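Me: I'm new to this one and would like to go slowly. Could you take me through a single part of it closely, and then show me what surrounds that part?

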Amino acid sequence: MNRRRKRAITTGNAEFDRKMGGGIPIGSLTLIEGQSGAGKSVLTQQLIWGSLNDGQRAAVLTTENTVKSLIRQMQSLNLDVLDYLLLDNLGVYPVQVSEMKEGGLQVVSDAMWKVRHYGTIYMDSLTSLIAYSPEREVLKFFENCKRITGDDTTIFIVVHSHALTESLLIRIRSLCDALIRLRMEEVGDKMIKTMEVAKIRGANKKTGNIVSFDIEPGWGLRIIPVSRARA
């Protein structure tokens, strides 16, 4: 399928896609933010799977995994992307943060320009690179990402909320077309993961508000009904 004919990136999970207004429009810059353990990487992997399954191509820049560990992690969630990797519909590019430090954001930005022909780019995660970067370089990075999306390329950036000051977060959020917040909430004696679809410019349908979910091995993301989550 030609990616220009498919106008949204979906997760392949019908329930989640409904909450996301039918998916993330092609050519969007999306920020996925949240605390550790809230499910940011798994949601990102679900989006990778969804885009590949829709006949699109994807490039993944990762500070979290090697090629092998990413494939194994996704397989454990019943998201087997090995064939896509072998056919070059999926490109995985590990980012060695320890070798970058200062100037790392520019290196990643340059890499994004080089892989934009894939059509969809995922950066999971930006947190460790931000630690070495002044605010002006972080803003410049997001501005560069916005320019890349002007070529009908879709970009997803994953970041831990604690890595950014509130004032910087506000400025970054305004640059992004879509914002998805993930967090952990204590409900009774249980910790529940929640996803808030804060905004999606150009969504086909009305976006959902807050949804509770869990991650099940061999299954992936599963929405938890509110009544059950608060039981």
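Which strands does α8 lie across, and at about what angle does α8 run to one of them?

Reply: Before the helix itself, a word on what you're looking at. This is a predicted model, where local features need pLDDT of at least 70 and side-chain atom pairs count only at pLDDT 80 or more, while totals for chains, interfaces and linings use all residues. Residues are numbered from 1 along each chain as its sequence is written, and side-chain values use heavy atoms, with hydrogens and water left out.

Now to α8. It lies across β3 (29–34), β8 (178–187) and β9 (190–200), and runs at about 145° to β3. (Helices, H or I with at least four residues, and strands, E with at least two, are DSSP runs numbered from the N terminus; angles go from 0 to 180 degrees between N-to-C directions, using axes fitted to C-alpha atoms, for helices over the stretch in contact.)

Helix α8 covers residues 166–175, and its axis comes within 10 Å of the axis of α7 (residues 135–149), with a crossing of roughly 10°. The two helices are therefore roughly parallel to each other (that label is for angles under 35 degrees; over 145 is roughly antiparallel, 65 to 115 roughly perpendicular, and the rest oblique). Who touches whom? On the α8 side you'll find Leu-168, Arg-171, Ile-172 and Leu-175, which meet Glu-135, Val-138, Leu-139, Phe-142, Glu-143 and Lys-146 of α7. Contact here means heavy atoms within 4.5 Å. Sort those residues by class and you get six nonpolar, four charged and no polar ones (Ala, Val, Leu, Ile, Met, Phe, Trp, Tyr, Cys and Pro are nonpolar, Asp, Glu, Lys and Arg are charged, and the others, Gly among them, are polar).

Next, the sheet that α8 lies across. It is open, has nine strands in mixed pairing, and reads β5-β4-β6-β7-β3-β8-β9-β10-β11. (Two strands pair if DSSP finds at least two bridges between them.) So β5 (90–94) and β11 (220–224) are the edges: each has a single partner strand, which leaves one side of each without a neighbour in the sheet. On average, neighbouring strands are turned by 25° against each other, ignoring direction.

Both kinds of pairing show up if you follow the order along. Strands β6 (residues 120–124) and β7 (residues 154–160) run parallel and share four bridges, with Thr-120 partnered to Thr-154 of β7. Over at the β11 edge, β10 (residues 210–216) pairs with β11 in the antiparallel sense through five bridges, and Ser-212 has Ile-224 of β11 as its bridge partner. Their hairpin has three residues between the strands, and Gly-218 there takes a positive phi near 80°. Being an edge doesn't leave β11 out in the open: four of its five residues are buried, so the rest of the structure largely encloses it (buried is under 20% relative accessible area, exposed over 50%, partly exposed in between, with a 1.4 Å probe and protein chains only).

Another helix lies on strands of this sheet, too. Helix α5 (residues 104–115) goes across β4 (58–62), β5, β6 and β7, at about 165° to β4.

What about the packing inside? The largest nonpolar core has 37 residues, and Leu-43, Leu-90 and Met-195 have the most contacts within it. (Such a core is a set of buried Ala, Val, Leu, Ile, Met, Phe, Trp, Tyr and Cys residues joined through side-chain atoms within 4.5 Å.) Helix α2 (residues 40–53) gives the most to it, six residues. A second core of 31 residues lies apart, and includes Val-97, Val-108, Leu-169 and Leu-179. Look at Leu-43 more closely: beyond its neighbours within four places in sequence, its contacts include Ile-32, Ile-180, Leu-182 and Met-195.

One last spot, close to β6 in the numbering. Asp-124 and Ser-125 are joined by a cis peptide bond, with omega about -5°, and Ser-125 sits in the loop between β6 and α6 (127–130). That's worth a second look because most peptide bonds are trans.
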